[in-house]
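Please open the model in your viewer and keep the selection tool at hand. The stops below are meant to be followed in order, each with something to select and something to look for.

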Amino acid sequence: MSRRGLVDDRIGLKYGAGGRAMRALIEQVCLPGLAGGPAFEGIGLAAMDDGAAIRVDDRWLIITTDSHVVHPIFFPGGDIGRLAVSGTVNDLAVMGATEVTALTCAVIIEEGFPRADLERVYASIRAACEEAGAPIVTGDTKVMGRGEIDGLVLNTAGIGFCDRPVPDAGLAPGDILIVTGTIGDHGMAIMAARHALSLDGDLRSDVAPINGVVRAALEAGRDGVAAMKDPTRGGLSSALHEMAEKSRVGILLEEAAVPVRPDVRGASDLLGIDPLVMACEGKAVIGVRPGAADAVLAAIRAHPLGRDAARIGHCISQHAGAIILDTGLGRRILAEPEGEPLPRIC
């Protein structure tokens, strides 16, 4: 039995929201009988990484897929179309494939969905593809009856090649953790839009393809880049817990060093939600060997999407799989979230 506990007889929203519950569902229901297929050289389903890596001659093919069910479909800073392209491009990037060979895009539309809204989504898809340098080469379209789905569902898959795949399990004691920008922007923007919250400030999603900023980090750090992950569902906390558990290290996280926009911080304080568990859709967490950390951080900050990048902690040999939060007044164990506090965010 997984140490995350048994999955309930009925599947609730928490099982699709990242964190411990979703990983338990995958381990207990989805992986058995699938992860033990024909052996190949690379990173497969059992690794539960952001994608798979398959050796092809002297290079690596990275492949990933994702489905998108955000509500509302249009939100400050983006929409489901930009989210779908960015999410797949970013999963490829944090596996090491920053040059996208091809994307697929399948759409499931609810009967009665406004044509104007669909055209708006596709305009956003095209713009995000151009931004990422990612061509869509094939797709699929289905229409469901009214009430059978909620508006629009997108599925995207992507492939790219790299010389060295970067897993999320490559951390070692002493490695430095860097986040490429402010956290919690997407989750808080979706929450405010969904519930029509009248909050001060300009809460906007950070959704963006980050293959360019990750490429800069890899070029600066080379083999010194040890592990990467994008902190989507479950936020920074969930991403760090996964990386620490798989790498068998502890992580000492410096709370004051984690960048959070004042608008997000204020809304989080008002609503009683920790920004560490709120989703990002345009950021990466990068584990770097100590000797490469300064060069990687400088390269990220030189990119327009990485200006708020920060060194947020380091790996330790004690407390394997745990995140130790240094609050400045003391230290405590940071509990892994059961799931993202707001379901259907991506």
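Begin by selecting Asp185, His186, Gly187, Met188, Ala189, Ile190, Met191 and Ala192, which are the buried residues of helix α4. The model is a predicted one, and in it α4, spanning residues 185-194, is mostly covered, with 8 of its 10 residues buried. To see what does the covering, add β4 (74-75), α2 (80-94) and α7 (262-271) to the selection, since these are included among the elements that cover the buried residues of α4. Before leaving this helix, click on Ala196, which follows α4 and has a positive phi, near 50 degrees.

**From α2 to α3**

Keep α2 selected and add helix α3 (residues 115-132); the axes of the two helices come within 7 Å and cross at roughly 30 degrees. That angle makes α2 roughly parallel to α3, and the crossing in which α2 passes α3 is right-handed. For the contact itself, show the side chains of Ile80, Gly81, Arg82, Val85 and Val89 in α2, which meet Val121, Ser124, Ile125, Ala128, Cys129, Glu131 and Ala132 in α3. Divided by class, the residues of this contact of α2 with α3 are 8 nonpolar, 2 polar and 2 charged.

**The seven-stranded sheet**

Next, display the strands of the open sheet of 7 strands, whose order is β10-β12-β9-β13-β11-β14-β15 and whose pairing is mixed. Which strands stand at the edges? They are β10 (225-229) and β15 (331-334), and because each has a single partner strand, one side of each is left without a neighbour in the sheet. As you rotate the view, note that neighbouring strands of this sheet are turned by 25 degrees against each other on average, direction ignored.

Start at the β10 edge, where β10 and β12 pair in the antiparallel sense over 4 bridges; select Val225 and you will find its bridge partner in β12, Val288. Now select the four residues Val285, Ile286, Gly287 and Val288 of β12: Val285 and Gly287 point one way from the strand, Ile286 and Val288 point the other way, and all are buried.

Moving inward, β9 and β12 pair in the antiparallel sense, again over 4 bridges, and Leu177 stands opposite Gly287 in β12. Keep Leu177 selected, because β9 (residues 176-179) is also joined by 4 bridges to β13 (residues 310-316), and these two strands run antiparallel. On that side, Leu177 stands opposite Gly313 in β13.

Further along the sheet, select β11 (residues 250-254) and β14 (residues 323-326), which run parallel and are joined by 4 bridges; here the bridge partner of Ile251 in β14 is Ile323. The strand β14 is in turn joined to β15 by 4 bridges, with the two strands running antiparallel, and Ile324 has Ile333 as its bridge partner in β15. Between β14 and β15, which form a hairpin, there are 4 residues, and Gly328 in the turn is worth a click for its positive phi of about 95 degrees.

**Helices α5 and α8**

Now select helix α5 (residues 211-221) together with helix α8 (residues 293-301), which pack at an angle of about 150 degrees with their axes 8 Å apart. This makes α5 roughly antiparallel to α8, and the crossing of the two is right-handed. At the contact, Val213, Ala216, Ala217, Ala220 and Gly221 in α5 meet Ala295, Val296, Ala299 and Ile300 in α8. By class, this contact of α5 with α8 has 8 nonpolar residues, 1 polar residue and no charged residues.

**A last stop in α6**

Finally, select Ser238, which lies in helix α6 (residues 235-247). Is this residue buried or exposed? Ser238 is buried, with a relative accessible area of 1%. To view its surroundings, add Gly19, Arg23, Arg233, Glu336 and Pro337, which Ser238 touches when residues up to four places away in sequence are not counted.

Key. Residues are numbered from 1 along each chain as its sequence is written. This is a predicted model: local features need pLDDT of at least 70, side-chain atom pairs count only at pLDDT 80 or more; totals for chains, interfaces and linings use all residues. Side-chain values use heavy atoms; hydrogens and water are left out. Axes are lines fitted to C-alpha atoms, for helices over the stretch in contact, and angles run from 0 to 180 degrees between N-to-C directions. Angles under 35 degrees count as roughly parallel, over 145 as roughly antiparallel, 65 to 115 as roughly perpendicular and the rest as oblique. A crossing is left-handed if the near helix is turned anticlockwise from the far one by less than a right angle, and right-handed if clockwise. Contact means heavy atoms within 4.5 Å. Ala, Val, Leu, Ile, Met, Phe, Trp, Tyr, Cys and Pro count as nonpolar, Asp, Glu, Lys and Arg as charged, and the others, Gly among them, as polar. Two strands pair if DSSP finds at least two bridges between them. Buried means under 20% relative accessible area, exposed over 50%, partly exposed in between (1.4 Å probe, protein chains only).
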